[in-house]
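Subject: Structure handover

Hello,

Here is the structure I promised to pass on. Please open it first, then read my notes below.

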Amino acid sequence: MDPWNSAQDVVRCTLCKTPNDPMYCDVCHIHLCKDCVETHLSDSSKVHNVVPLIQYLTTLNYPKCKKHPTNQCELHCEQCDFPICAKCISSGKHSGHKKIDIFQSFEIKTGILEKDLQELEKLIYPKYKEIASNIPVQKADLSKNSQKLTTAIDKQREVWRREIDTIITNLKYKVEEMESKHLVVLNKQEDEITHTISEITQTIAELKKLLNSKDVSLVSEYKSRNAEFRRLPPKLKVSLPNFRPQEIHTDQLIKQFGSLSALSFTTEEQDYSMPPQGAESSPPDRSLMDVPRVITTIDTEYEGGICGVTCLNDTEVWTRGEDNMMKLYNLQRKLVESIQTKSGNTPQDIAVTRSGDLVYTDYNDSTVNIVKNTQIQTVIRLQGWKPRNGPQGPQSQFAGYISPIPNQQHSQPQQHPQPQHTDIMEALRVMSRNIEQVSTKLNKLDLIEHRLSELERNVGNVNTELKDMKAKVNGVEESVVFIIKQYEDQTKEVLAVKKFVCEITNVNENILKELSLVKSEFENLNERH
């Protein structure tokens with residue numbers, strides 16, 4: 001049997017596996033039944049020494065000497081602290097040393113073992129359990145503090161986001177304002193140039209009419225406006241604004257945003273004081289009432305009456321009856337929670353762990369079950385034994401207190417020896433360790449699930465922020481493209497105006513040439529007349 005996952009079974013014969021009157025071979029170290037003894041003794045390769053198992057367990061054997069293996073040690077050297085035989089004494093190596101009988105040394109060592117066991121079970125082990133119980137509380141505080149820090153960081157991020165949005169809005173407003181001012185100047189200049197072009201066009205038409213009319217009177221009244229048109233409109237020089245992004249200094253941003261204080265670990269020595277010599281550890285002195293006081297009366301509605309209770313805390317109590325329901329009541333007589341057993345059987349007993357989880361034993365199902373977050377989990381399934389009673393009292397440390405009794409189908413006639421008390425206690429200690437390991441793993445799973453949910457929320461927040469940042473970047477890119485396009489359009493307009501002015505200049509020069517020719521012809525005509 002696996003000692004970690006099963007309770008103690010009856011002693012069985014190593015050869016035929018039957019639980020008959022046990023014998024024991026001191027040479028081969030195996031259990032035998034009476035029917036198999038003769039078969040075992042027929043093996044002549046060894047000199048067998050078969051004795052009743054009880055005689056073997058109650059008879060102490062002399063240890064073999066380490067230096068003289070053929071001799072048995074009958075004394076114990078206190079200075080060297082190991083058993084010695086007659087040859088060790090005659091060798092003179094232990095002369096002057098204090099020697100005592102080997103069984104007297106055994107009794108002394110046994111007393112030391114019992115004291116160590118009592119100290120471990122009643123003082124050291126509970127102290128370690130108390131320290132371990134504080135770790136989940138510290139983990140919960142750590143989780144709360146981390147959540148608090150995360151909330152503060154998110155709040156600061158929103159403040160910075162609003163400030164950045166305000167800065168961007170102001171910059172965009174300034175861009176629009178500068179654009180409107182520039183457009184006013186360009187529109188005014190465009191109107192003036194358009195008006196001048198109109199006048200020049202009209203003048204050109206009049207000059208052509210004069211030239212074709214051959215009317216001396218009209219030509220004599222002509223007054224040139226070329227000097228006026230030679231004064232070209234002033235060239236508008238505009239220094240277009242540009243955006244100069246500053247270099248981002250991460251260190252300065254971190255200082256302005258805020259920083260986390262450093263995480264520090266300190267250890268504090270915990271005092272451990274030994275109890276006075278001869279004093280036994282006892283529970284704290286609690287004075288009991290001479291007459292019980294009724295705190296409240298609760299109608300549990302169990303048909304056969306209430307069969308057991310265990311306190312969850314100072315205001316709530318778990319109850320069980322003769323059905324398959326376990327009910328949690330408060331002192332105000334209100335039903336807080338009710339849970340049905342996993343198998344549908346009547347719970348044999350109930351208890352509460354230090355972490356507040358309900359534990360119940362199922363006699364018919366041979367299981368010990370724990371209720372965590374309304375989910376029932378089987379932590380022990382006994383083989384050949386049935387659980388009966390558990391610990392009673394608030395916040396009891398469950399594990400190692402379930403009292404197993406032999407299963408009827410495995411029980412044997414009274415003449416067969418039952419498992420010894422020490423074997424049962426060892427099995428219970430194994431059960432205790434199993435339950436503690438399962439409970440620790442369940443707590444770790446709860447913490448892992450909590451951290452996973454936090455990570456999922458954080459990933460969602462990061463994705464949302466990335467989408468917002470991408471949208472803002474796209475908006476900035478669109479604004480920059482729009483400004484560049486406007487600048488290109490304005491540049492094209494200025495170039496067109498320059499081209500048009502050059503054309504006007506060329507036209508003026510041609511007109512001047514034609515006027516010169518007209519003047520020359522007119523002078524020739526005067527000379528002829």
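Start at Ile376. Leaving aside residues up to four places away in sequence, Ile376 touches Ile339, Gln340, Thr341, Lys342, Tyr360, Asn369, Ile370 and Val371. Keep in mind throughout that this is a predicted model.

Ile376 belongs to the largest nonpolar core, which has eleven residues. Its partners Ile339, Tyr360 and Val371 are in that core too. The other members are Leu312, Trp318, Met326, Leu328, Ile350, Val352 and Leu358. Three elements give two or more residues each to this core: β9 (325-330), β11 (349-352) and β12 (358-362). There is also a second, separate core of eight residues. Ile197, Ile200, Leu207 and Ile511 are among them.

Next, the overall picture. The protein has 529 residues, and buried ones make up 22% of them. It contains eight helices and 16 strands. Take the contacts between residues at least 6 apart in sequence: 47% of these join residues at least 24 apart. The protein exposes about 38800 Å², and carbon and sulfur atoms supply 55% of that area.

Now the largest pocket. Its volume is about 2200 Å³. The elements that give two or more residues to its lining are α4 (102-213), α7 (250-257) and α8 (421-528). Which of them gives the largest share of the lining? That is α4, with 15 residues. The lining has 44 residues in total. Nearest the centre of the pocket lie Ile167, Ile168, Leu171, Phe243 and Val476. Sorted by class, the lining holds 23 nonpolar, ten polar and eleven charged residues.

Two backbone angles deserve a look. Most residues other than glycine have a negative phi. Arg333 and Ser366 go the other way.

- Arg333 has a positive phi, near 70 degrees. This residue sits in the loop between β9 and β10 (335-340). Arg333 counts as exposed because its relative accessible area is 52%, and the cut-off is over 50%. Not counting residues up to four places away in sequence, Arg333 touches Thr296, Thr297 and Ile298. Its C-alpha atom is 7.4 Å from that of Asp299, which is 34 residues away along the chain.

- Ser366 has a positive phi of about 55 degrees, and it is not a glycine. Its place is the loop between β12 and β13 (367-372). Is Ser366 buried or exposed? Ser366 is buried, because its relative accessible area is 9% and buried means under 20%.

One glycine is worth a stop as well. Gly308 lies in strand β7 (residues 308-311). With a relative accessible area of 14%, Gly308 is buried. What does Gly308 touch, not counting residues up to four places away in sequence? The list is Trp318, Thr319, Arg320 and Ile350. Trp318 and Ile350 are both members of the largest nonpolar core. Gly308 and Gln348 are 40 residues apart along the chain, and their C-alpha atoms are separated by 9.0 Å.

If you want a route through the model, begin with Ile376 and its contacts. Then go to Gly308 in β7. Then visit the loops that hold Arg333 and Ser366. Finish at the pocket lining, with α4.

Best wishes

Terms used
Residues numbered from 1 in each chain as written. Predicted model: local features only at pLDDT ≥ 70, side-chain atom pairs only at ≥ 80, totals over all residues. Heavy atoms only, no water. 1 Å grid on protein atoms, 1.4 Å probe; cavity = no way out; pocket = protein on both sides within 12 Å on 5 of 7 lines; lining within 4 Å. Points joined across faces, edges and corners; volume = space filled by probe spheres on them. Helix = DSSP H or I, 4+ residues; strand = E, 2+ residues; numbered from the N terminus. Nonpolar A, V, L, I, M, F, W, Y, C, P; charged D, E, K, R; others polar. Core = buried A, V, L, I, M, F, W, Y, C linked by side-chain atoms within 4.5 Å. Buried < 20%, exposed > 50% of the residue type's maximum accessible area, 1.4 Å probe, protein only. Contact = heavy atoms within 4.5 Å. Areas by Shrake-Rupley, 256 points an atom, 1.4 Å probe, with all protein chains shown as cover.
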